[in-house]
There are 2 protein chains.
Amino acid sequence: MREVAILGVGQTKFGELWDRSFREIGIEAGFSALTEAKLGSHDLGALYLGNMASGAFLDQEHIAPLILDYAGLSRHHLPAIRVEAGGASGGVALHQAYLAVASGAHDFVVVGGAEKMTDVPDDLQLAITSAAADQEWETVFGATLPALWALVARRHMHDHGTRREDLARMSVHSHEMGSKNPLAHYRNRITVDQVLGAPEVADPLGLLDCAPATDGAAALVLGPLEKARRYTDTPIRIAASEVACDTLALQHRRDLTTLDASVAAARAAFGRTGWTPSDLRVAEVNDAYSISGLLALEDLGFVEKGAGGPALREGDFGPGAKLTLNPSGGLKAQGCPFGAVGIAQVVELVRQLRGESKDRQAPGATRALAHNLGGTGATAVVHLLERAN
Amino acid sequence: MREVAILGVGQTKFGELWDRSFREIGIEAGFSALTEAKLGSHDLGALYLGNMASGAFLDQEHIAPLILDYAGLSRHHLPAIRVEAGGASGGVALHQAYLAVASGAHDFVVVGGAEKMTDVPDDLQLAITSAAADQEWETVFGATLPALWALVARRHMHDHGTRREDLARMSVHSHEMGSKNPLAHYRNRITVDQVLGAPEVADPLGLLDCAPATDGAAALVLGPLEKARRYTDTPIRIAASEVACDTLALQHRRDLTTLDASVAAARAAFGRTGWTPSDLRVAEVNDAYSISGLLALEDLGFVEKGAGGPALREGDFGPGAKLTLNPSGGLKAQGCPFGAVGIAQVVELVRQLRGESKDRQAPGATRALAHNLGGTGATAVVHLLERAN
């Protein structure tokens, strides 16, 4: 297979975008990425789109040709393909786009992720997103996504001595990073006390342990690395693109406090590259819930299993630290438009590897990891990226 | 890219399967295909799944890991990836599975299509499936899928002198073929008079011009052609796999009576193989509506534009004819489980090319075409298949 590079990135503001439609934000992100890559519509071979639930949110399925149409690309009759994997829809779409270029099927492809979540009431948002868990064994009994993650958090506290405040520190960190990101949904800093005092969602998780429902879109342009320098001085190589899955229902898992899909995807990605976690200076990981961010540190190998709590308690994950974690603000502060998240993580990392991230820049970062999760970890996607020059 | 072959096929009964769940039918089809290919779970590299609207039909998204789980494959942590493209979801999933093997990313993959449609009331079925058309410009104004296809039919009658009875003959043919297929939703023969006398759905289309809502699943096992003979004496080569898209809304199309996406996908597939339509003895095309079956004959190049009506009026498309059309009974009679259709078409063609189709067998067929459509033709998928021995 060919080496694949990222030639351009684009992203909309994340937030409650009540005055903008799904098609508008999808196109804005795609055009930004194409413009940055200096590619025209005639150069493209295919479009991939990650989206979880446009059917439920907008009464609209079959959205890949819709975005193709509104981007003015229909006349070329390109393949436009939607991928769905809950909150991992973006990462899985990127994996498919990567394969399309790596295989030689296409030279240049655009891959986007988009979700418009805030046009429906809060209770419906919760029901729709919880459809990423097992309907027959979990959600039908009222177990929403935050309730399921709360079970995981409680078990982690029981097994590993993780403290409630350790979880809170994950959210505090995300908001600190988000305060530096103009595209973030939330730019306010928060304190541990504020997290602990926030209204309870599902014990032990409170409102500030949970990422918001967000509208937003992000896009990347991919092409073969060997042709990348014609389009950009700073191609970013996709060194590994790995998807791994696990049972949809938590009750079928081997262990509640380890996401085996994350472990498997990371192991495959590190195996392919020969890298180790300590080679990375910057990573974007799933912190849709404070506990999911903590698990990511462990399951991806940044710390030992059970050491996530102490790491958050004692460590520093800001710019200049050994590992800069979620400089975008993560899902908690940058926002959590389900289908867009996996692409937005990579947009941030591309900008980091180019050195464009200003006061949230990880100094000297040449390698990066993106970790995208669906549901309670039934799908995990790991991408490893490297500055090619 | 490597040559790719189909090593095994599986399919459930199509119909109103009220006593069976989505996960049950998905697994039955997948296991049948794996058993036929003599592959075990440890041989698989990935699972792809085509499905349009499990979120709306079943309150369940993120279904690829669900099927992986219930098939007992979760412990291998394979990538399990859902693709959505309206009624073309199955064909597009097959395209992705094809790329996964052709690229060398995986050796053996299983690709399924499944839809469970009949557990909701009829009016909701219609609303959910019509989400494959443009919500903001079509369905919000009440233009359902049959209403949109009726516009196309009326325009074809106006431009090309197509007669109401010509359309009816498409349905009569589908039911004749379906009568020979034990898996078909409908096995009753019908007459032109019955089609013309059926309750009107959207003038000029009546109830018997429209495919039913159906529950069903189908699956294929793919692998590299060079290794195929270890698993089967009759590998079927995928000679071309092409996806093309067009605008979602009919109003944006160049011409109401030509599906440019079908034309583009067929042109690409024939270009890749050097074949022409006259090389084919058997084809499965989209006859979700009688008019869509007629258009397929024209747009895929079996007859000239405008000659679909006379071809249906005067021609014979049964076994033994120059072209055996929709020997499965097509979407009209075998049934129309949206996400499964594109896979089921290929299941039928594989059996045809192996010579296993008994009284609906196309004699001497060595090459075949599958044509899968989403919405009113915003996505078209063409696969060309060939007996490898």
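Here are some exercises on a two-chain predicted model, each with a worked solution.

Local features are only reported at pLDDT of at least 70 and side-chain atom pairs only at pLDDT 80 or more, while totals for chains, interfaces and linings use all residues. Residues are numbered from 1 along each chain as its sequence is written, with chains lettered from A and ligands numbered from 1 in the order in which they are written.

**Exercise 1. Work out how chain A and chain B are related, and describe the side of chain A that touches chain B.**

Step 1: start with the superposition, done by least squares on the C-alpha atoms of residues with pLDDT of at least 70 in both copies. A turn of 180° with a shift of 0.0 Å along the axis lays chain A on chain B, and the RMSD is 0.0 Å. That's the relation of a two-fold axis.

Step 2: see whether the surface recurs. Of the contact residues of chain A, 98% recur in chain B, so the same surface serves both copies. Here, two residues are in contact if their C-beta atoms, placed from the backbone, lie within 7 Å.

Step 3: count the partners. There are 53 residues of chain A in contact with 52 residues of chain B.

Step 4: find the elements that give two or more residues to this side of chain A. They're α2, α3, β3 (80-84), α4, β8 (236-245) and α10 (260-273) of chain A. Helices (H or I, at least four residues) and strands (E, at least two) are DSSP runs, numbered from the N terminus.

Step 5: sort by class. The side of chain A that touches chain B has 29 nonpolar, 16 polar and eight charged residues. In this scheme Ala, Val, Leu, Ile, Met, Phe, Trp, Tyr, Cys and Pro count as nonpolar, Asp, Glu, Lys and Arg as charged, and the others, Gly among them, as polar.

**Exercise 2. Split chain A into its domains and characterise the face that domain 1 turns to domain 2.**

Step 1: get the bounds, which come from an automatic or database domain assignment. Domain 1 of chain A takes 4-121 + 214-236, and domain 2 takes 122-210 + 239-387.

Step 2: place the two. Their C-alpha centres lie 23 Å apart, and 40 residues of domain 1 of chain A are in contact with 40 residues of domain 2 of chain A.

Step 3: list what supplies the domain 1 side. β1 (4-11), α2 (54-58), α4 (89-102), β4 (109-115) and β7 (216-224) of chain A each give at least two residues. The largest share, seven residues, comes from α4(A).

Step 4: classify that side. It has 22 nonpolar, 15 polar and three charged residues.

**Exercise 3. Describe how α1(A) packs with α3(A).**

Step 1: take the geometry. Axes are lines fitted to C-alpha atoms, for helices over the stretch in contact, and angles run from 0 to 180 degrees between N-to-C directions. The axes of α1 (residues 22-36) and α3 (residues 63-70) of chain A come within 9 Å and cross at roughly 65°.

Step 2: name the arrangement. That makes α1(A) roughly perpendicular to α3(A) (angles under 35 degrees count as roughly parallel, over 145 as roughly antiparallel, 65 to 115 as roughly perpendicular and the rest as oblique).

Step 3: pick out the residues. A:Arg23, A:Gly26, A:Ile27 and A:Gly30 of α1(A) make the contact with A:Leu66, A:Ile67 and A:Tyr70 of α3(A). By class, these are four nonpolar, two polar and one charged.

**Exercise 4. Do the same for α7(A) and α11(A).**

Step 1: the axes of α7 (residues 164-178) and α11 (residues 290-299) of chain A are 8 Å apart, at an angle of about 95°. These two helices are therefore roughly perpendicular to each other.

Step 2: in α7(A), A:Asp166, A:Leu167, A:Ala168, A:Met170 and A:Ser171 meet A:Ser290, A:Ile291, A:Gly293 and A:Leu294 in α11(A). That contact divides into five nonpolar, three polar and one charged residue.

**Exercise 5. Locate the cis peptide bond from A:Asp203 to A:Pro204 and the positive phi of A:His62.**

Step 1: the A:Asp203 to A:Pro204 bond is cis, with omega near 10°. A:Pro204 sits in the loop between β5 (200-202) and β6 (205-206) of chain A.

Step 2: check chain B. The bond from B:Asp203 to B:Pro204 is cis too, with omega near 10°.

Step 3: turn to A:His62, whose phi is positive at about 60° although A:His62 isn't a glycine. You'll find A:His62 in the loop between α2 and α3 of chain A.
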